[in-house]
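Dear colleague,

I am passing on a structure that may be new to you, and below it you will find my notes on what turned up when I went through it. Please read them with the structure open beside you.

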Amino acid sequence: MRYLIWALRLIVFVVVLMFALKNTNPVAVNFYNDFVVQDVPLIVVMLITFVVGALFGLLLTVPASMRRRREAQRLRRELDRIQAAVNGQQVPAQVAPETIAPMSPL
């Protein structure tokens, strides 16, 4: 499966690279307040747009990955507690994090 994903990534990369190399004509980039940058190669505009889009995509995945990490930690603690109970060991008392360091209001 890993090789298939890398093969697909390589194919997408080659297609995008060929598309970019075919579009090297200079273009004018218009910003707000009539600010215009003249004669910027289209390949540069496409690269910047791609990088900004990839960064936004990564930023959107951060909360979900943090949530999954916290859930995995919670499940590990619960598994340790259950295994300790099954083995007859004394289960350590759980203290809520708010007890140690109360959350301050924002």
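I would like to begin with Asp 39, which lies in strand E2. Although Asp 39 is not a glycine, it has a positive phi of about 55°, and at 59% relative accessibility this residue counts as exposed. Please bear in mind throughout that what you have in front of you is a predicted model, and that the values given here were computed from it.

The overall layout may help you to place that strand. The protein has 3 helices and 2 strands, and from the N terminus on its elements run in the order α-β-β-α-α. Of the 106 residues of the protein, 4% count as buried, where buried stands for a relative accessible area under 20%.

The two strands belong together. Strand E1 and strand E2 pair in the antiparallel sense, and the pairing extends over 4 bridges; as one example of how the strands meet, Val 29 has Val 37 in E2 as its bridge partner. E1 and E2 form a hairpin with 5 residues between them, and Asn 33 has its place in that loop, between strand E1 (26-30) and strand E2 (36-41). Like Asp 39, which has a positive phi without being a glycine, Asn 33 is not a glycine and yet has a positive phi, in this case of about 60°. Is Asn 33 buried or exposed? With a relative accessible area of 77%, Asn 33 is exposed, because that value is over the 50% at which the exposed class begins.

Next come two contacts that involve aromatic rings. The structure holds 1 aromatic pair, and it is made by Phe 31 and Phe 35, whose ring centres are 5.7 Å apart and whose planes stand at 35°, so the pair is tilted. The reason for that label is that planes under 30 degrees apart would count as stacked and planes over 60 as edge-to-face, with the rest called tilted. Phe 31 itself counts as partly exposed, at 47% relative accessibility. The other contact is of a different kind, in that the charged end of Arg 9 sits over the ring of Trp 6, at 4.7 Å from the centre of that ring.

Helix H2, which covers residues 42-86, takes up the rest of my notes. How many salt bridges does the structure hold? There are 2 salt bridges in the structure. In one of them the side chains of Glu 71 and Arg 74 meet at 2.6 Å, N to O, and these two residues both lie in helix H2, 3 residues apart, which is about one turn of the helix. In the other, the side chains of Arg 74 and Glu 78 meet at 3.2 Å, N to O, and here the partners, again both in helix H2, are 4 residues apart, also about one turn of the helix. Salt bridges that share partners thus join Glu 71, Arg 74 and Glu 78 into one network. Each member of the network is partly exposed: Glu 71 has a relative accessible area of 34%, Arg 74 has one of 37%, and Glu 78 has one of 29%.

There is also a nonpolar patch on the surface, formed by Val 44, Ile 48, Val 52, Phe 56, Leu 59, Val 62 and Met 66, which together have about 640 Å² of accessible area. Of these, Met 66 lies in helix H2 and counts as partly exposed, at 44% relative accessibility.

The last residue I would point out is Val 45, which is found in helix H2 and, at 24% relative accessibility, counts as partly exposed. Val 45 and Ala 28 are 17 residues apart in sequence, while their C-alpha atoms are 9.9 Å apart in space.

If you would like a place to start, you could look at the hairpin of E1 and E2, with Asn 33 in its turn, and then go on to the network of Glu 71, Arg 74 and Glu 78.

With best regards

Note on methods. Residues are numbered from 1 along each chain as its sequence is written. This is a predicted model: local features need pLDDT of at least 70, side-chain atom pairs count only at pLDDT 80 or more; totals for chains, interfaces and linings use all residues. Side-chain values use heavy atoms; hydrogens and water are left out. Patches are made of residues with over 30% relative accessible area and no salt bridge: like charges are joined within 9 Å, nonpolar side chains (Val, Leu, Ile, Met, Phe, Trp, Tyr) within 5 Å. Accessible areas come from the Shrake-Rupley method with a 1.4 Å probe; for residues, only the protein chains shown count as cover. A salt bridge is a side-chain nitrogen of Lys or Arg within 4 Å of a carboxyl oxygen of Asp or Glu. Buried means under 20% relative accessible area, exposed over 50%, partly exposed in between (1.4 Å probe, protein chains only). Rings of Phe, Tyr and Trp (its six-membered ring) pair if their centres lie within 6.5 Å; planes under 30 degrees apart count as stacked, over 60 as edge-to-face and the rest as tilted. A charge sits over a ring if NZ of Lys or CZ of Arg is within 6 Å of the ring centre and within 35 degrees of the ring normal. Two strands pair if DSSP finds at least two bridges between them.
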